[in-house]
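Let's take a look at a protein together, starting from its middle and working outwards. Have the sequence and the 3D view open as you read.

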Amino acid sequence: MPTLSGLPFDNLVRAMSNMARYIQDNADPADVTSQQVTGDLTAFSMLQPQLVDLVDQHFEWQWVDKELAGAANLFYDKQGPAAKMPKKKWPQFKARFIQLCDKHPQDGWSKELKDRLLLWEQTTLSSPPTSDEVEASESAFDEFHSASEMRFFEVDDELNALCSRLTELAMPLNSLLSVIKR
């Protein structure tokens with residue numbers, strides 16, 4: 001699974017801290033640039049964990065979306081008894097999906113999606129299913145799939161918004177570098 005944990009954000013924060021300390025030690029305490037650098041450093045330090053979490057979530061939701069699209073193809077292309085993962089993939093999918101949700105237990109989407117997963121799982125139990133069970137399974141799958149896609153889109157929107165905030169920090173960082181050149 002790709003992750004941002006290997007990116008050198010800590011090095012950037014450390015470098016910015018050193019630059020800010022240098023400016024604060026050598027600049028007039030009332031200097032606006034010195035105060036701005038400290039504020040920008042704090043803002044960046046607070047954004048870093050959010051960015052890492054959102055990028056990791058994005059990769060996970062991308063995987064979930066791909067797996068559910070495959071399950072949908074099995075159902076809709078073959079008109080099988082119910083949309084479901086191939087049996088050997090199901091335990092891996094379920095465990096990874098629940099782990100993803102459990103990283104955010106306080107968020108409403110987490111419980112909702114686990115409940116929808118459970119409902120879908122419960123509607124795919126009998127073999128051969130009755131027509132009512134096929135209809136219930138299809139409905140449960142569609143609701144689970146749609147809710148999962150919505151979460152993927154929400155994470156994508158959150159990530160785009162956070163990236164916009166990060167690009168806003170580029171200007172102050174440029175200011176910092178220009179002050180150090182003096």
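Start with the biggest greasy patch: the largest nonpolar core holds 33 residues, and Trp 61, Val 64, Phe 93, Phe 97 and Trp 120 have the most contacts inside it. Keep in mind that you're looking at a predicted model. Who supplies the core? Five helices each give at least two residues, and here they are:

| Helix | Residues |
|---|---|
| Helix 1 | 9–26 |
| Helix 2 | 32–78 |
| Helix 3 | 90–102 |
| Helix 4 | 108–122 |
| Helix 5 | 131–168 |

The top contributor is helix 2, with twelve residues. As background, nonpolar side chains tend to be buried together in soluble globular proteins.

Now zoom in on Trp 61. Leaving aside residues up to four places away in sequence, Trp 61 touches Phe 97, Leu 100, Trp 109, Leu 113, Ser 148, Arg 151, Phe 152 and Val 155.

Next, step back to the whole chain. The protein has six helices and zero strands, so its elements simply read α-α-α-α-α-α from the N terminus on. Of its 182 residues, 36% count as buried. Counting contacts with a separation of 6 or more, 74% are between residues 24 or more positions apart. As for the outside, the accessible surface is about 10900 Å², and carbon and sulfur atoms account for 56% of that.

Helix 4 is a nice one to check by hand. With 15 residues at 1.5 Å a residue, helix 4 should span 21 Å, and its end C-alpha atoms are indeed 21 Å apart, so the two agree. Which residues of helix 4 are buried? They are Trp 109, Ser 110, Leu 113, Leu 117, Trp 120 and Glu 121. Look down the axis of helix 4 and these buried residues fall within an arc of 105°, which means they line one face of the helix. On the other side of helix 4, Gly 108 and Lys 111 are exposed.

Last stop: the cysteines. A disulfide is a covalent bond between the sulfur atoms of two cysteines. How many disulfides does the model have? The count comes to zero, by the rule that two cysteine sulfur atoms must lie within 2.5 Å. Cys 101 has a relative accessibility of 0%, so it counts as buried. Cys 163, by contrast, is partly exposed, with a relative accessible area of 33%.

Methods
Residues numbered from 1 in each chain as written. Predicted model: local features only at pLDDT ≥ 70, side-chain atom pairs only at ≥ 80, totals over all residues. Heavy atoms only, no water. Helix = DSSP H or I, 4+ residues; strand = E, 2+ residues; numbered from the N terminus. Buried < 20%, exposed > 50% of the residue type's maximum accessible area, 1.4 Å probe, protein only. Contact = heavy atoms within 4.5 Å. Areas by Shrake-Rupley, 256 points an atom, 1.4 Å probe, with all protein chains shown as cover. Core = buried A, V, L, I, M, F, W, Y, C linked by side-chain atoms within 4.5 Å. Expected span 1.5 Å × (residues − 1). Arc of directions from axis to C-beta.
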